[in-house]
Amino acid sequence: MSTTAKAARPRTRRPRPRALVPAVPALLLVLLALTGPLLAAHPVDRPVTAPYGEAGTGGAPLGGDQLGRDVLSRLLHGGSALIGSALAVAAVVTFLATLLGCFAVLGPRLGRLVERAADTAILLPSVLGIMLLALAWPGGGRLAVSAAAVVLGTPYAVRIVAGAAAPLAATGFVEAATASGERLAHLALREILPNLRATVLALFGLRFVDAVYVIAMAGFLQLGPRPPEADWALMIRENGPGILLNPWAVLAPGLAIGLLAVGVNLAANALAPATVRRAALR
Amino acid sequence: MTGSGALEDTTRSVPEPAVRRAVGLAARLAAVLAKRVALLVVLLAVVFAAIELLPGDAASATSERGEGAAGVAARRRLLGLDRPVWERFRDWLTALPTGDLGTSARGERVSDLLSAPLPNTLLLGSTAFVLTVLAALALGTWAAARPKGVVDRVVDLTSTAAFALPEFVVAVGLLLVLSLWTGWLPAATVTGADGTPAGWHMLVMPVLALTVPQTGWNTRIVRGALADQAATPHVAAARLDGLPTRQVLLRHALPGAWPAIATGVATSTGMLLGGTVVVETLFNYPGIGTVLAGAVADRDTPVIAAVVACSAALITVVLLLADLIRARTLGVRA
């Protein structure tokens, strides 16, 4: 969310109100998901209608799930944790990547290590990575999945920051600072970092998109949140067998995840500078 | 075409540059191959170590209810879990090239365990891969033919949207449309007596669910690579010469775009393989997804390590092919 608010700051580029339009649907959806629990009519864990009850019965506008719980209420509850953990993952990955990326361009040894790490990470599909970590940490739930998303996402993110920072490391003001004997930390944090604002904000948006994808997939594979919880991805998995009886129990959370993923991606894409978008595609 | 440069060289009847170039290419490829294999070994070591660091092991995870500590210890010895981890990793790694993937926690040979589902998964993944590449090339060049036109904008928007969609969300949409509302396709995969899907129509929905997000990703890469090429002098010159757009795109822009496209497509191999695991679960497709889910529950290190090794090896091969394409294109140009 903060990307949308900050990325258009005049310092990073000319303010263009039209560029903010693609961010509106994502912003509305995130707001709705975060305030959802306040709007829900029923508790998430109490049956109000028959299992897979049809839409409209028992005061459940979207019908019941496999235990007859209100689909709409569960839907309204299910988004905040997903979005919350995705935001947290995106923030941590962006922070780590920014720090490592700044140091990587100044120290060739760290830079090579980062390259190798990214090359290795590409060999491990994220689903397998999540499974490994869920295995390593049986009771970890959402936290384990978030940790996996951080570990799997950081190598690429560092590469993007390093790519954007490399030209800066060769500029006159950094060389002047190096010549005047500044320490590495000062060079990275005071000379290079302030010039990476646009990249870092764009990176945050892209990592948010990726985190939504990874965390939703883990929820679907039943590796993250545990059953009584109302998680959109988990709802799809749980209600899959009853798709014939009450399609809404699957369709509604599916639509919610789809809209969130697409909305956030379109917003991040519209706000990201072209160079970062290019780098992210590599 | 890039071929014209090579053709001129050979007709000049001086073999040295061609030979030197071939040797240079071979050396470069050998170096790349060595690097890729080293990365593969590093990944496998990391995975092995990661599973080792976890609390609990395969012996206790597969223990029967009421089994005593002595029984678990005996099986731990039987599975070789009492030996140091690096020793087991070395043995496992050296047996790998012979096709021996180790023994699962339940005492079955991992290669037997994977021999039936792996081909099914590869069929699913490779069909989706081919479809993705074809669709992405078609959509990307179509959009690039008229930059900033209606088609370009629509393709840009839909491909951006599609690539953010998780596979299982696409699958749910397909299920509703193709199975529930129209009744054209069965909702779950029916398996024949030999353990393979009963018919090609069982593949339609899983393949589509995999193809849609990856096509979104690759279309953007094709489009971006063609845009980069459009800015180069030789493509601009071809356009100024008044050549038809189609010819400029296919003959002049596309050859230079291959390295970028190859790298992008290679990246999507991993995402496709990961997606298969998810999609198989939803459609009850008889692939490695099912085996993997069971192995995670059993803490079955050899099975998971074998699946990681197989997929990582496959991705390594695709990345090598991408390296080859890059080396060829750049080698001819140099």
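## Helix α9 of chain A

A helix here is a DSSP run of H or I at least four residues long, and helices are numbered from the N terminus. The model is predicted, so keep that in mind as you look around. A good place to start is helix α9 of chain A, residues 197-220, which holds both Asp210(A) and Arg207(A). Since these two are 3 residues apart in that helix, about one helical turn separates them. Their side chains meet in a salt bridge, with N and O 3.0 Å apart.

The two partners sit in different burial classes: Asp210(A) is partly exposed at 30% relative accessibility, while Arg207(A) is buried at 11%. Elsewhere, Glu115(A), Asp119(A), Arg159(A) and Lys35(B) are joined into one network by salt bridges that share partners.

## Picking the network apart

Searching the whole structure turns up 7 salt bridges over all chains. Take the pair Arg159(A) and Glu115(A), whose side chains come to 3.3 Å, N to O. Arg159(A) belongs to helix α6 (residues 141-169) and Glu115(A) to helix α4 (residues 108-121), both of chain A, so this bridge ties together parts that are 44 residues apart in sequence. Neither end is hidden away: Arg159(A) is partly exposed with a relative accessible area of 28%, and Glu115(A) is partly exposed at 33%.

Arg159(A) has another partner in Asp119(A), this time at 2.7 Å from N to O. Asp119(A) lies in helix α4 of chain A and Arg159(A) in helix α6, so here the parts tied together are 40 residues apart in sequence. How buried or exposed is Asp119(A)? It has 12% relative accessibility and so counts as buried, because the cut-off for that class is under 20%.

## Across the interface

What carries the network over to chain B? That is Lys35(B), which forms a salt bridge with Asp119(A), the closest N and O atoms being 3.4 Å apart. The rule finds 1 salt bridge across the interface of chain B and chain A. Polar contacts between the two chains come to 3 residue pairs, both residues being at pLDDT 80 or more. On the chain B side, the elements giving two or more residues to the contact are α2 (15-53), α8 (150-164), α9 (167-181), α10 (201-230), α12, α13 (288-298) and α14 (301-333).

The size of an interface is often given as the accessible area lost when the parts come together. Between chain B and chain A that area is about 4100 Å², with carbon and sulfur atoms giving 80% of it. Within chain B, the residues that lose the most area to chain A are Leu39(B), Phe168(B) and Arg220(B), and together they make up 14% of what that side buries. By residue count, chain B puts 47 residues into the contact and chain A puts in 41.

## Chain A as a whole

Chain A has 12 helices and 0 strands. Of its 282 residues, 54% are buried. Contacts in this chain lean toward long separations: among those with a separation of 6 or more, 69% join residues 24 or more positions apart.

Chain A exposes about 12100 Å², and 67% of that comes from carbon and sulfur atoms. A nonpolar patch of about 330 Å² sits on the surface, made by Val92(A), Phe95(A), Leu96(A) and Leu100(A). One of these, Leu96(A), is in helix α3 of chain A, residues 71-106. Its relative accessibility is 32%, so Leu96(A) counts as partly exposed.

## A buried threonine in chain B

Last stop: Thr269(B), found in helix α12 (residues 245-283) of chain B. Is Thr269(B) buried or exposed? At 7% relative accessibility, Thr269(B) is buried.

What does the Thr269(B) side chain reach? It gets to the backbone oxygen of Ala266(B), at 2.9 Å. Leaving aside residues up to four places away in sequence, Thr269(B) also touches Phe129(B), Ile315(B) and Val318(B).

How values were computed. Residues numbered from 1 in each chain as written. Chains lettered and ligands numbered in written order. Predicted model: local features only at pLDDT ≥ 70, side-chain atom pairs only at ≥ 80, totals over all residues. Heavy atoms only, no water. Buried < 20%, exposed > 50% of the residue type's maximum accessible area, 1.4 Å probe, protein only. Polar contact = N/O pair within 3.5 Å; in protein donor to acceptor, adjacent residues only side chain to side chain. Contact = heavy atoms within 4.5 Å. Patch = residues over 30% accessible without salt bridge, like charges linked within 9 Å, V, L, I, M, F, W, Y side chains within 5 Å. Areas by Shrake-Rupley, 256 points an atom, 1.4 Å probe, with all protein chains shown as cover. Salt bridge = Lys/Arg side-chain N within 4 Å of Asp/Glu carboxyl O. Buried area = accessible area lost by both parts, 1.4 Å probe.
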